[in-house]
Amino acid sequence: MTTVHASVYELLRSSGLTTIFGNPGSNELPFLDSMPADFRYVLGLHEGVVVGMADGFAQASGHAAFVNLHAAAGTGNAMGALTNAWYSHTPLIISAGQQVRSMIGLEAMLSNVEATALPRPLVKWSTEPALPSDVPRALSQAIHTANLDPRGPVYLSIPYDDWQHDSGEISKHLTDRVVQTAGCPSTDQLEALSAVLVSAQNPVLILGPDVDATRSNDAAVLIAEKLSAPVWVAPSAPRCPFPTRHPCFRGVLPASIVGISRQLEGHDLILVVGAPVFRYHQFEPGEYLASSSRLIHITSDGSEAARAPMGDAIVADIQQTLRMLADVLPNSTREQPKSRVIPPLPEAEGDLITPESVFDVLNEIAPDDAIYVNESTSTVSALWDRVEMKYPGSYYFPASGGLGFGMPAAVGVQLATSDRRVIAVLGDGSANYGITALWTAAQERVPVVFIILNNGTYGALRAFAKLLGTEVDAGLDVPGIDFCSIAEGYGVSAHKITSLEDFKDRLSTALQAETPTLLEVPTVTISAF
Ligand code: TZD
Ligand code: CA
């Protein structure tokens, strides 16, 4: 007999899922019993951190990640992090232990009542197998579902008395199944798209996170160069799809309805790839699009295509479509756009350091293939302006805006990418939501450089309050947090920065270290808009 336990580990192994991000409880112990030696368990101290680390790991590796959470309370703690994984199309296979089958109905302690409903609507699929021998097949379904476009998280609740059951006959057929998509545009669709682009007078490209996720950055560069078109990054950007010092690069679009239509005015053709149309944020109503503009949207996510308020869409494989398009497009005779000018460095105020000068130091000292995990909300534009990012997979930001992603994701990205340095840029507010990731970074000896921009306040919310015409003061300041003491408490060496020179020195040392470092930088507050 092959047990469910043996079949599941075999399936995980054959699917490349040998790293388990988790936080255990009693329901999960029978699964963790005698874990094979080729598996690695990465412990997170809070489930939001567990999912954040797995999210970073999956996004950076380009492959699904496996998560093991504790039943209802553990899953509940993970929900905020799931909002980010959902919107970044991160393939996560999230398993959770369940009470033994005979006691779920009794609502014994640690029962996950209505387990499959709990993680919705933030998973593509959620299941609790009807019988123990179906656990391996359900896991196989979960893995394929997570990996099919649009990729995303799935959830599997497993009663803890299932593991020693016989897994039955079918499980041996599961390990070598290949499930593929082949979503290319037809020849007619490709010709029509290319004809529209060629005949446009003033086309513009807008690129989203899935261009970077599918490693289609080079194809996007070719298309931009062939069209001599300016390139914007779609609003509320969670990744960097285009080299930021390329002459065609224009920046990140604003995130309001009028902000976008104003910025795109004059373009007769707008090609949006790998992003929703659009991820708006601040409500500034008006025209969605100038009447002289036509919008075409290429996405692998049918829901993104269907819910857009304007434009036409092609739902297809992004990498294949961009490569095919790059091949068929002729070179335009238009002049190439000219590189944009980087804004001047603002004057420093008193002893405090400006975020802009922190970014200039990063740009000067960090390796050019450094990976930035950003969760400093008021300084997003300044970072995009000042830090050059030229390689795929150089930037990660919470895709739903749910804070608590930055610190854990930085650990996960670094675990997946040992040949590049990860620099986490965190606000003093944001850092607290995932702070226990510091402990995992120390234990796993993950050499992330954590930079806390400490302005003592929720800076972005102060800017938003102004934008809304409100005068909010309550709940916006976060004074009195000593991040160096916290970091040292979790085993991470830390320094409070006293000057820009000091920052340069400490950063250079941190970038050579083989273990994590936290640098707390007292900064001024700048306006987020
Ligand atoms: N809670 C969660 C989980 N996600 C959120 N996005 C918020 C609360 C609301 N929020 C924002 O959207 S930005 C922000 C909060 C609290 C302030 C973050 O402050 P910070 O960065 O110190 O990290 P800045 O640069 O001072 O804005
Ligand atoms: Ca702050």
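**Exercise 1. An unusual backbone angle in a loop**

Is H89 buried or exposed? Determine also where H89 lies and what sets its backbone apart.

*Solution.* The structure is a predicted model. Step one is location: H89 belongs to the loop between α4 (71-87) and β4 (92-98). Step two is accessibility: the relative accessible area of H89 is 10%. Because buried means under 20%, H89 is buried. Step three is the backbone: phi of H89 is positive, about 55°, although H89 is not a glycine. Most residues other than glycine have a negative phi.

**Exercise 2. A second positive phi**

Carry out the analysis for S236, giving its place, its phi and its accessibility class.

*Solution.* S236 sits in the loop between β8 and β9. Its phi is positive at about 55°, and S236 is not a glycine either. With a relative accessible area of 28%, S236 is partly exposed.

**Exercise 3. The sheet containing β8 and β9**

Describe the open sheet formed by six strands, then examine the pairing of β8 with β9.

*Solution.* First, write down the strand order, which is β9-β8-β7-β10-β11-β12, with parallel pairing. Next, identify the edges: β9 (249-252) and β12 (312-315) each pair on one side only. Neighbouring strands of the sheet are turned by 20° against each other on average, direction ignored. Finally, consider the pair itself. Strand β8 (residues 231-233) joins β9 in the parallel sense over three bridges, and W232 stands opposite G251 in β9. Strands of a sheet pair through backbone hydrogen bonds.

**Exercise 4. The calcium site**

Which residues are the protein donors of the calcium ion (ligand 2), and how are these donors spaced along the chain?

*Solution.* The protein donors are D428 through OD, N455 through OD1 and T457 through O, at 2.2 to 2.3 Å from the ion. Their spacing along the chain reads D-x26-N-x1-T. The pair of D428 and N455 links distant parts of the chain, 27 residues apart. D428 lies in the loop between β15 (422-427) and α16 (437-443), whereas N455 lies in the loop between β16 (449-454) and α17 (459-467). For accessibility, D428 is buried at a relative accessible area of 2%. N455, at 18%, also counts as buried, because the cut-off is under 20%.

**Exercise 5. Cis peptide bonds**

Where are P121 and P150 placed, and what is the omega of the cis peptide bond leading to each?

*Solution.* Begin with R120 and P121, which are joined by a cis peptide bond with omega of about 5°. P121 is in the loop between α5 (101-104) and β5 (125-127). Turn then to D149 and P150, where the peptide bond is cis with omega near -10°. P150 is in the loop between α6 (135-147) and β6 (154-159). Most peptide bonds are trans.

**Exercise 6. Aromatic rings**

Classify the ring pair Y280 and Y288, and name the members of the aromatic cluster that contains W163.

*Solution.* A search of the whole structure yields 11 aromatic pairs. For Y280 and Y288, the ring centres are 6.0 Å apart and the planes stand at 70°. Planes over 60 degrees apart count as edge-to-face, so this pair is edge-to-face. Y280 is partly exposed, with a relative accessible area of 24%, and Y288 is partly exposed at 34%. The cluster consists of Y9, F31, F39, F66 and W163.

Conventions
Residues numbered from 1 in each chain as written. Chains lettered and ligands numbered in written order. Predicted model: local features only at pLDDT ≥ 70, side-chain atom pairs only at ≥ 80, totals over all residues. Heavy atoms only, no water. Donors = N, O, S within 2.8 Å, 3.2 Å for Na, K, Ca; no water. Helix = DSSP H or I, 4+ residues; strand = E, 2+ residues; numbered from the N terminus. Buried < 20%, exposed > 50% of the residue type's maximum accessible area, 1.4 Å probe, protein only. Pairing = 2+ DSSP bridges. Axes fitted to C-alpha atoms, helices over the stretch in contact; angles between N-to-C directions. Phe/Tyr/Trp six-rings, centres within 6.5 Å; stacked < 30°, edge-to-face > 60°.
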